[in-house]
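Here's a friendly walk through a small part of the protein world. Have a look at the picture first, and then we'll go through it piece by piece.

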Amino acid sequence: MKQTSVQQKKCVKCSRLMVALTLDIENEKRTLRSCSHCDVREWEAVDGSISLEGVLTELSDSAGR
Ligand SMILES: [Zn+2]
């Protein structure tokens with residue numbers, strides 16, 4: 001079975017495993033991690049950097065079109 005392996009991370013607040021979703025945004029893969037317990041969200045770029053503001057801006061841009 002083939003599976004996209006996304007490294008699992010634990011929530012900094014509650015230490016539960018965060019849910020990871022990989023999305024394609026403007027031809028770039030990004031990983032959205034979220035903790036359903038305390039509603040924490042975190043974006044991660046392919047290179048591992050986290051840019052919360054940048055992604056949010058891109059999202060609202062494409063939604064307004
Ligand atoms: Zn949490």
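## Starting with Leu-32

Let's jump right in at one residue. Setting aside residues up to four places away in sequence, Leu-32 touches Leu-21, Leu-23, Arg-41 and Trp-43. Leu-32 itself belongs to strand 2. One of those contacts is worth a second look: Leu-32 and Trp-43 sit 11 residues apart in sequence, yet the C-alpha to C-alpha distance is 4.6 Å.

Is Leu-32 buried, exposed or partly exposed? Leu-32 has 16 other C-beta atoms within 10 Å, so it comes out as partly exposed. The cut-off for being buried is 20 or more such atoms.

## The overall picture

Before going further, keep in mind that this is a predicted model. The protein chain has 3 strands and 1 helix. Follow the sequence along and you get the pattern β-β-β-α.

How much of the protein chain is buried? Of its 65 residues, buried ones make up 8%. As for contacts, take those in the protein chain with a separation of 6 or more: 22% of them link residues 24 or more positions apart.

## The sheet

The 3 strands make an open sheet in the order 1-2-3, and the pairing is antiparallel. Strand 1 and strand 3 are at the edges with a single partner strand each, so each has one side without a neighbour in the sheet. From one strand to the next, the twist averages 25°.

Why can we say that strand 1 lies largely in the open? Strand 1 covers residues 19-25, and of its 7 residues the number buried is 0, so it does lie largely in the open. As a bit of background, side chains in a regular strand alternate between the two faces of the sheet.

## First hairpin: strands 1 and 2

Strand 1 and strand 2 are joined by 7 bridges and pair in the antiparallel sense. Want a couple of pairs to find in the picture? Leu-23 has Arg-30 as its bridge partner in strand 2, and Asp-24 has Lys-29 there.

These strands form a hairpin with 2 residues between them. In that turn, Glu-26 has a positive phi of about 50°.

## Second hairpin: strands 2 and 3

Next comes the pairing of strand 2 (residues 28-35) with strand 3 (residues 40-45), which run antiparallel and are joined by 6 bridges. You can walk along this pairing residue by residue. Thr-31 stands opposite Glu-44 in strand 3. Arg-33 has Glu-42 as its bridge partner in strand 3, and for Ser-34 the partner in strand 3 is Arg-41.

How many residues lie between the strands in this hairpin of strand 2 and strand 3? There are 4. Asp-39 is found in the loop between strand 2 and strand 3, and its phi is near 60°, a positive value in a residue other than glycine. Asp-39 has 8 other C-beta atoms within 10 Å, so it counts as exposed.

## Before the first strand

The segment before strand 1 has a couple of residues to point out. One of them is Ser-15. Although Ser-15 is not a glycine, it has a positive phi of about 65°. Ser-15 is exposed, because it has 9 C-beta neighbours inside 10 Å.

Arg-16 is also found in the segment before strand 1. Which residues is Arg-16 in contact with, leaving aside its neighbours within four places in sequence? They are Lys-10, Cys-11, Cys-35 and His-37. Arg-16 and Ser-36 are 20 residues apart in sequence, and their C-alpha atoms are 9.2 Å apart in space. With 13 other C-beta atoms within 10 Å, Arg-16 is partly exposed.

Note on methods
Residues numbered from 1 in each chain as written. Predicted model: local features only at pLDDT ≥ 70, side-chain atom pairs only at ≥ 80, totals over all residues. Pairing = 2+ DSSP bridges. Buried ≥ 20, exposed ≤ 12 C-beta atoms within 10 Å, placed from the backbone. Contact = placed C-beta atoms within 7 Å. Axes fitted to C-alpha atoms, helices over the stretch in contact; angles between N-to-C directions.
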